[in-house]
Amino acid sequence: MSITQRLNQIVETLPPQVTLVAVSKTKSESEITEAYAAGQRIFGENKVQELVRKWEVLPKDIQWHMIGHLQRNKVKYIAGFVALIHGVDTLRLLREVDKRGAQEGRIIPCLLQVHIAQEATKFGFDKAELTQAMDIIDQGELSHVQVRGLMGMATYTDSAPQIRAEFQYLKSLYDTFQTGREAFDTLSMGMSGDYLLAIEQGSTMVRLGSSIFGSRNTA
C-alpha cells in the first residue's frame with residue numbers, strides 16, 4: 001500500500017479523541033509531502049538537526065513534535081517553532097525549555113516523560129520525581145512552559161500483559177495529576193507495535209512511523 005492508503009486506513013480506525021503523530025524521522029521530504037497531501041499535519045522527529053531542516057523547507061502549517069531524547073544544549077534550536085516536546089525527562093531539561101521559551105517570547109507545550117519500561121536504557125521521571133516537577137509547575141515558577149500531560153514508552157516485548165500493565169500504570173499517574181489541571185489533557189503512549197493496546201488503556205496521542213511510512217530508512 002502507499003503512504004496515503006496506510007495513513008487513511010489508520011485514521012479511519014482511530015477513536016476521535018486520539019491524535020495521530022506521524023513519525024517522520026529518516027523519511028524524505030517527498031514522503032512527508034505525500035502524508036501531508038493526505039491530510040496529515042502533525043509530524044514527529046527524534047533528532048534536532050533533522051527537525052530543523054524539515055521545518056525550514058516544508059509547509060509552515062505542519063505541527064512539528066520533538067519525540068526523541070532531547071539534550072539541553074539543543075533546545076535553543078527548536079524553541080521558536082516546536083509545537084510539542086514529548087520527552088521532557090528531567091527537571092533540568094524542563095528549566096532549560098522554560099529559559100528558551102522566555103527568550104523566544106512564547107510558552108512551549110511539553111509532556112513529561114515517565115519511565116514505565118523495564119529497560120534501563122529508556123529515559124523518564126519516576127513517580128517521586130514527577131510529583132516534584134508538578135509541584136514546581138503548580139507554584140508558577142516556570143512561566144514559559146505548559147505541561148500538557150505525560151508520555152511513556154513500554155518495554156520492547158511481545159508480552160501484551162506486560163505492555164498493558166505498563167500503560168495502565170502510566171494512565172493511573174495521568175489521572176492523578178490531571179485532577180484540577182485544565183491544560184493537562186494529553187497522554188502520549190503507543191507506537192506502531194503497541195498503539196492498539198495503548199488506546200485500549202486510555203492513550204490520547206499515538207506516535208506511528210512504520211505503520212504509515214513502511215520500514216524505517218537508515219539514518
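The following legends describe an overall view and several close-up views of a predicted model of the protein chain.

**Figure 1. Overall view of the protein chain, with 9 helices and 8 strands.** The C-alpha trace spans about 50 × 45 × 30 Å along its principal axes. The radius of gyration of the protein chain is 17 Å, in agreement with the value near 17 Å that a compact globule of 219 residues would have. Of the 219 residues, 50% are buried. Among contacts with a separation of 6 or more, 60% are made by residues 24 or more positions apart.

**Figure 2. Close-up of the crossing of helices H1 and H2.** Helix H1 comprises residues 3-13 and helix H2 residues 29-37; their axes come within 9 Å and cross at roughly 45 degrees. Because this angle lies outside the ranges for roughly parallel, antiparallel and perpendicular pairs, H1 and H2 are oblique to each other. The crossing is right-handed. From H1, Ile 3, Thr 4 and Leu 7 meet Glu 31, Glu 34 and Ala 35 of H2. The residues of this contact comprise 3 nonpolar, 1 polar and 2 charged.

**Figure 3. Close-up of Thr 26 in the loop between strand E1 and helix H2.** Strand E1 covers residues 19-23, and Thr 26 is found in the loop that links this strand to H2. Although Thr 26 is not a glycine, its phi is positive, at about 70 degrees. Thr 26 is also one of the residues that Glu 50 touches.

**Figure 4. Close-up of Glu 50 in helix H3.** Helix H3 runs over residues 48-57 and includes Glu 50. The relative accessibility of Glu 50 is 13%, and the residue therefore counts as buried, the cut-off being under 20%. When residues up to four places away in sequence are left aside, Glu 50 touches Ser 24, Lys 25, Thr 26, Lys 27 and Glu 45.

**Figure 5. Close-up of Lys 99 in helix H5.** Lys 99 lies in H5, which spans residues 91-104. With a relative accessible area of 42%, Lys 99 is partly exposed; this class lies between the limits of 20% for buried and 50% for exposed residues. Lys 99 and Glu 56 are 43 residues apart along the chain, and their C-alpha atoms are separated by 23 Å.

**Figure 6. Close-up of the contact between helices H5 and H6.** The axes of H5 and H6 come within 10 Å and cross at roughly 25 degrees. The two helices are therefore roughly parallel to each other, as angles under 35 degrees are classed in this way. Leu 91, Leu 94 and Arg 95 in H5 meet Gln 132, Ala 133, Ile 136 and Ile 137 in H6. By class, the contact of H5 with H6 contains 5 nonpolar residues, 1 polar and 1 charged.

**Figure 7. Close-up of the contact between helices H6 and H7.** Helix H6 (residues 127-138) and helix H7 (residues 160-178) have axes that come within 12 Å and cross at roughly 25 degrees. This angle makes H6 roughly parallel to H7. H6 passes H7 in a right-handed crossing. On the H6 side, Lys 127, Leu 130, Thr 131 and Met 134 meet Tyr 169, Leu 173 and Phe 177 of H7. The residues of the contact of H6 with H7 divide by class into 5 nonpolar, 1 polar and 1 charged.

Notes: Residues numbered from 1 in each chain as written. Predicted model: local features only at pLDDT ≥ 70, side-chain atom pairs only at ≥ 80, totals over all residues. Heavy atoms only, no water. Helix = DSSP H or I, 4+ residues; strand = E, 2+ residues; numbered from the N terminus. Buried < 20%, exposed > 50% of the residue type's maximum accessible area, 1.4 Å probe, protein only. Contact = heavy atoms within 4.5 Å. Axes fitted to C-alpha atoms, helices over the stretch in contact; angles between N-to-C directions. Parallel < 35°, antiparallel > 145°, perpendicular 65-115°, else oblique. Left-handed = near helix turned anticlockwise from the far one by under 90°. Nonpolar A, V, L, I, M, F, W, Y, C, P; charged D, E, K, R; others polar. Rg over C-alpha atoms; globule rule 2.2 N^0.38 Å.
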